[in-house]
Amino acid sequence: MADRSFHFSLALDELLRCQEKPPVFAPGEPDFWTDPHIAQQLLAVHLDPTTDLASRQPEVIERSVAWIVQTLGLKPGDRAVDLGCGPGLYALRLARQGLQVTGVDFSQNSIAYAAKAAQQEGVAITYRCQNYLELEDTALYDAAVLIYGDFCPLAPAQRARLLANVQRALKPGGHFVLDVSTPHLRRRAGLKMGWAASPGGFWKPGPHLVLEQGFAYAGDVYLDQTIVIEANGKISVYRNWFQDYTAEGIRTELEAGGFTVESLWSDLAGTAYEPAADWIGVVARK
């Protein structure tokens, strides 16, 4: 029988330091979503139709794309940009509606998958491996979409930069569609706290220990922190920040960025807005 025992070298003083509550929006491991191993694991989660951990399930995506196209009055030939497009699940469906679509994501792994999927279907989509915080397009798009709470992990200065980029990229009168999480979702989900030993999994290919922590901050800001300890004692700290929003909060922030909020919803599939909803879908105009 194979020996499946784990032997860890552990620096407790370093671990105790890592477990301290960090300053708000303090970074963890830089650009960890582009780590070759994690990127492969994340792509698999995106493509798993039975879970909505990374992308919403296919039937929800179908409804959302149809609703967005109808609500914005988009027609074949109009141009749309999918920010944080991942493996192209929305971009491909938008293109099937006859739109000229550009997908932007900083994961080369996801972009490669998306480009191959479009090529196999014979659909013309422009994919760019780029951080949307560095988007420089000017007056190109009739619509920009940022879906599944991608606005929420950004620090305030990053959100302001993104809004300026979207403003510049849209044509006059163009629409910006996004969804954001609410404090109701966090209260229902709770703060993470737990640990697990793994012979190899999402974070690392080899044996490792995973410690999960959750922290709450003023202003509906939350942190999901994952500390990963490898067998050689190396400690990696991964941080996912979340800025949750009320209707007033997201409206105020978008208006400060130069947008007019046209409507609020409880999702991006046409469900009427309810203050107690987990999500707020937003249709805004430049």
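A residue counts as buried when its relative accessible area is under 20%, as exposed when that area is over 50%, and as partly exposed in between (1.4 Å probe, protein chains only). Helices (H or I, at least four residues) and strands (E, at least two) are DSSP runs, numbered from the N terminus.

The model is predicted: local features need pLDDT of at least 70, side-chain atom pairs count only at pLDDT 80 or more, and totals for chains, interfaces and linings use all residues. Residues are numbered from 1 along each chain as its sequence is written, and side-chain values use heavy atoms, with hydrogens and water left out.

**Exercise 1. Say why S2 is described as largely enclosed by the rest of the structure.**

Solution. Step one: apply the cut-off for buried residues to S2. Five of its six residues are buried, so the rest of the structure largely encloses S2. Step two: find a partner. S1 (residues 79-83) pairs with S2 in the parallel sense over five bridges. Two strands pair if DSSP finds at least two bridges between them. One bridge joins Ala-80 to Val-101 in S2.

**Exercise 2. Trace the sheet of seven strands and find its edges.**

Solution. Step one: read the order. The strands run S3-S2-S1-S4-S5-S11-S10 in an open sheet with mixed pairing. Step two: look at the ends. S3 (125-129) and S10 (260-265) each have a single partner strand, so one side of each lacks a neighbour in the sheet. Step three: check the twist. On average, neighbouring strands are turned by 15° against each other, direction ignored. Axes are lines fitted to C-alpha atoms, for helices over the stretch in contact, and angles run from 0 to 180 degrees between N-to-C directions.

Step four: go through some of the pairs. S4 (residues 141-146) and S5 (residues 170-181) are parallel, with five bridges. Here Ala-144 faces Phe-176 in S5. S5 and S11 are antiparallel, with seven bridges. Ser-181 is opposite Trp-279 in S11. S10 and S11 are also antiparallel, with five bridges. Ser-263 has Val-283 in S11 as its bridge partner. Step five: check the cover on S11. Six of its seven residues are buried.

**Exercise 3. Place helices H5 and H8 on this sheet.**

Solution. Step one: take H5 (residues 108-121). H5 lies across S2 (100-105) and S3, at about 165° to S3. Step two: take H8 (residues 247-256). H8 lies across S5, S10 and S11 (279-285), at about 30° to S11.

**Exercise 4. Describe the cover around H4.**

Solution. Step one: count. Seven of the eight residues of H4 are buried. Among them are Leu-89, Tyr-90, Leu-92 and Arg-93. Step two: name the cover. The buried residues of H4 are covered by elements including H2, H3, S1 and H5. Step three: look past the helix. Gly-98 follows H4 and has a positive phi, near 90°.

**Exercise 5. Describe the second largest pocket and its lining.**

Solution. Step one: fix the term. On a 1 Å grid over the protein atoms alone, a pocket is an open set of points with protein on both sides within 12 Å along at least five of seven lines; lining residues have an atom within 4 Å of a point. Step two: give the volume. The second largest pocket holds about 200 Å³ of space. Step three: go to the centre. Of its 18 lining residues, Leu-47, Pro-58, Leu-89, Arg-93 and Tyr-113 are the closest to the centre. Step four: assign the lining. H2 (36-47), H3 (58-72), H4 (89-96) and H5 each supply at least two residues. H4 gives the largest share, four residues.

**Exercise 6. Decide whether Thr-226 and Ala-54 are buried or exposed.**

Solution. Step one: take Thr-226 in S8 (residues 221-230). Its relative accessible area is 7%, so Thr-226 is buried. Beyond four places in sequence, Thr-226 contacts residues including Trp-203, Glu-212 and Tyr-238. Contact means heavy atoms within 4.5 Å. Step two: take Ala-54, in the loop between H2 and H3. Its value is 17%, so Ala-54 is buried. Not counting residues up to four places away, Ala-54 touches Leu-42, Val-45, His-46 and Tyr-148.

Methods: 1 Å grid on protein atoms, 1.4 Å probe; cavity = no way out; pocket = protein on both sides within 12 Å on 5 of 7 lines; lining within 4 Å. Points joined across faces, edges and corners; volume = space filled by probe spheres on them. Nonpolar A, V, L, I, M, F, W, Y, C, P; charged D, E, K, R; others polar.
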